[in-house]
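Here is a report on one protein chain. It moves from the overall fold to single helices, the core and two buried residues.

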Amino acid sequence: MKYIPVEEAINAPGFRLVLTAGVPGPWGEAAKSILAYKGIDYTPVYQEGAGENEALRRWTGQTSAPVAVFNDLPPACHWLDLLMLAERVCPQKPLVPEDCAERVDVLGLSALIVGVDGFGWHRRLQLLAPMMMLEQPPEMVLRLGHKYGWTEQAYAAATHRLQAISAELDARLARQQERGSDYLVGQAVTAADFYWANIAGLIKPLPHALNPMPDYMRATYESADEDTLACLTPRLEAHRDRMYERHIALPLVF
């Protein structure tokens, strides 16, 4: 992808999406796939993974990606704000149902997958562990560990949280399939389905031909132990694969 710098993006018109350049960050890929599904064109904006990103901090008040900015609206830095901005820009292809009960389910499941203390959050704590447990962790890793609350206690609890969330998602898919649906909520695709399809790659990335991620990143993602790998149940993996077959273009471009 061709990225523009933050300094150029600040005064650019239209929809801008700040992404970690050159890698398929799961939260960024989820945002990209949601925008693509809705047909929202955007300008990619450069963010350095785990970098200081001072220009981004001045613009958005924080240093992470993804961030969405539409025209002169405030930056949407949180996954929920980003999702609701996409719903506002393109309401014709909703990914958050109008029905209140289904809406609660979609937003609750999405939080379990991509929110603080969610599936992706705890897998990230696992991924940071080898470097955080060094006698002198690199500055970049320390910065990430501080941002995401890494402690030995949090790391020790991560596998249990992954298992609990996986069990809930798997059970919901089982109930949905009994009702004749391939999706996590209702009879149509929602944001929760997009989030799961992308976050699942933190345990088992798509093959290189479909996801040409850097070798170091693939090795890190594929480092899951047996307990963590088992969280990607056959049903959850099949759901991920259906999402790419039906709704997310391949190969990934980043």
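The sections below describe a predicted model.

## Overall fold

The protein chain holds 12 helices and three strands. Its C-alpha atoms fill a box of roughly 50 × 50 × 35 Å along the principal axes. For 254 residues, a compact globule would have a radius of gyration near 18 Å, and the chain agrees with 18 Å.

Buried residues make up 51% of the 254 residues. Long-range pairing is well represented in the contacts. Of those with a separation of 6 or more, 71% join residues 24 or more positions apart.

## Helix α5

Helix α5 runs over residues 100-114 and has 15 residues. From first C-alpha to last, α5 reaches 21 Å, close to the 21 Å expected at 1.5 Å a residue. At its N-terminal end sits a cap, D99. A side-chain oxygen of D99 lies 3.2 Å from the backbone nitrogen of A101.

Which residues of α5 are buried? They are V106, L109, S110, I113 and V114. These residues cover an arc of only 110° around the axis, so they lie on the same side of α5. The face turned away from that buried side carries the exposed residues C100, A101 and V104. The cover over the buried residues of α5 includes α2 (26-38), α4 (79-89), α6 (119-132), α8 (152-178) and α9 (191-199).

## Helix α6

One of the helices covering α5 is α6. It has 14 residues and reaches 20 Å from its first C-alpha to its last, close to the 20 Å expected at 1.5 Å a residue.

Helix α6 is mostly covered, with 12 of its 14 residues buried. The buried set contains F119, G120, W121, H122, R123 and R124. It also contains L125, Q126, L127, L128, A129 and M132.

## The nonpolar cores

The largest nonpolar core has 59 residues. Which of them touch the most other members? The answer is I113, F119, L169, L184, F194, Y195 and W196. The largest share of this core, seven residues, comes from α9. Apart from it lies another core, of 10 residues, including V6, A55, L56 and V69.

Y195 shows how the large core connects to α5. Leaving aside residues up to four places away in sequence, Y195 touches S110, I113 and V114, which are among the buried residues of α5. Its other contacts under that rule are A30, I34, W79 and L83.

## Two buried residues

D170 is found in helix α8. Is D170 buried or exposed? With a relative accessible area of 15%, D170 is buried, because buried means under 20%. Beyond residues up to four places away in sequence, D170 touches T233, R235 and L236.

I248 is found in the segment after α12 (234-246). I248 is buried too, at a relative accessible area of 7%. Outside residues up to four places away in sequence, I248 touches S33, F194, A197, N198 and M243. One of these, F194, is among the residues that touch the most other members of the largest nonpolar core. How far apart in space are I248 and Y148? They are 28 Å apart, C-alpha to C-alpha, and 100 residues apart in sequence.

Key: Residues numbered from 1 in each chain as written. Predicted model: local features only at pLDDT ≥ 70, side-chain atom pairs only at ≥ 80, totals over all residues. Heavy atoms only, no water. Helix = DSSP H or I, 4+ residues; strand = E, 2+ residues; numbered from the N terminus. Expected span 1.5 Å × (residues − 1). Buried < 20%, exposed > 50% of the residue type's maximum accessible area, 1.4 Å probe, protein only. Arc of directions from axis to C-beta. Contact = heavy atoms within 4.5 Å. Polar contact = N/O pair within 3.5 Å; in protein donor to acceptor, adjacent residues only side chain to side chain. Core = buried A, V, L, I, M, F, W, Y, C linked by side-chain atoms within 4.5 Å. Rg over C-alpha atoms; globule rule 2.2 N^0.38 Å.
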